[in-house]
Amino acid sequence: DTVYVSYKTVIKPILSANCYGCHSTAVTQNGGLDLEDFNSLKQYITNDFRGDGIYGSKLYHCMLHAANALPMPPDYRLDSCDLNKMHAWLREGAKDN
């Protein structure tokens, strides 16, 4: 369901399950990136990253394992359901709701 995608109830659990192991307040690997903190996360969700010939969210490009982006998580790709939810949330303005 991508009709209403909330950060707190949909996106944060996806990030928790797939990203916080390396990128959280407690564990900050790879340059100290903290995706658990919404203010830190915001710099990676803006639409100013150019990858695959289009502009978009750096975080989303990484999750897609797109060209010109560091694939994250590095060992597997998120399932299409989670990627669709992430895309819907970003498209709706990536609100802290």
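Student: In which helix is the place of Asp-82?

Tutor: In this predicted model, Asp-82 lies in helix H4, which covers residues 80–91.

Student: How does that helix fit into the chain, and what pattern does the chain follow along the sequence?

Tutor: The order is α-α-β-β-α-α, made up of 4 helices and 2 strands.

Student: Which residues does Asp-82 touch, leaving aside those up to four places away in sequence?

Tutor: Asp-82 is in contact with Ile-14 and Asn-18.

Student: How should I read the charge of Asp-82, and is this residue buried or exposed?

Tutor: The general idea is that side chains of opposite charge can pair when their charged atoms come close. Here, Asp-82 is buried but forms no salt bridge. Its nearest side chain of opposite charge is that of Lys-85, 4.5 Å away, whereas a salt bridge requires nitrogen and oxygen within 4 Å.

Student: How many salt bridges does a search of the whole structure find?

Tutor: The search finds 1 salt bridge. The partners are the side chains of Lys-8 and Asp-96, with an N to O distance of 3.5 Å. This pair links distant parts of the chain, 88 residues apart: Lys-8 belongs to helix H1 (residues 7–18), and Asp-96 to the segment after H4.

Student: Why does Asp-96 count as partly exposed?

Tutor: Asp-96 counts as partly exposed because its relative accessibility is 42%, and that class lies between 20% and 50%.

Student: What share of the chain is made up of buried residues?

Tutor: Of the 97 residues in the chain, 38% are buried. The accessible surface amounts to about 5,600 Å², and carbon and sulfur atoms account for 50% of that area.

How values were computed. Residues numbered from 1 in each chain as written. Predicted model: local features only at pLDDT ≥ 70, side-chain atom pairs only at ≥ 80, totals over all residues. Heavy atoms only, no water. Buried < 20%, exposed > 50% of the residue type's maximum accessible area, 1.4 Å probe, protein only. Areas by Shrake-Rupley, 256 points an atom, 1.4 Å probe, with all protein chains shown as cover. Lys, Arg positive; Asp, Glu negative; His and termini not counted. Contact = heavy atoms within 4.5 Å.
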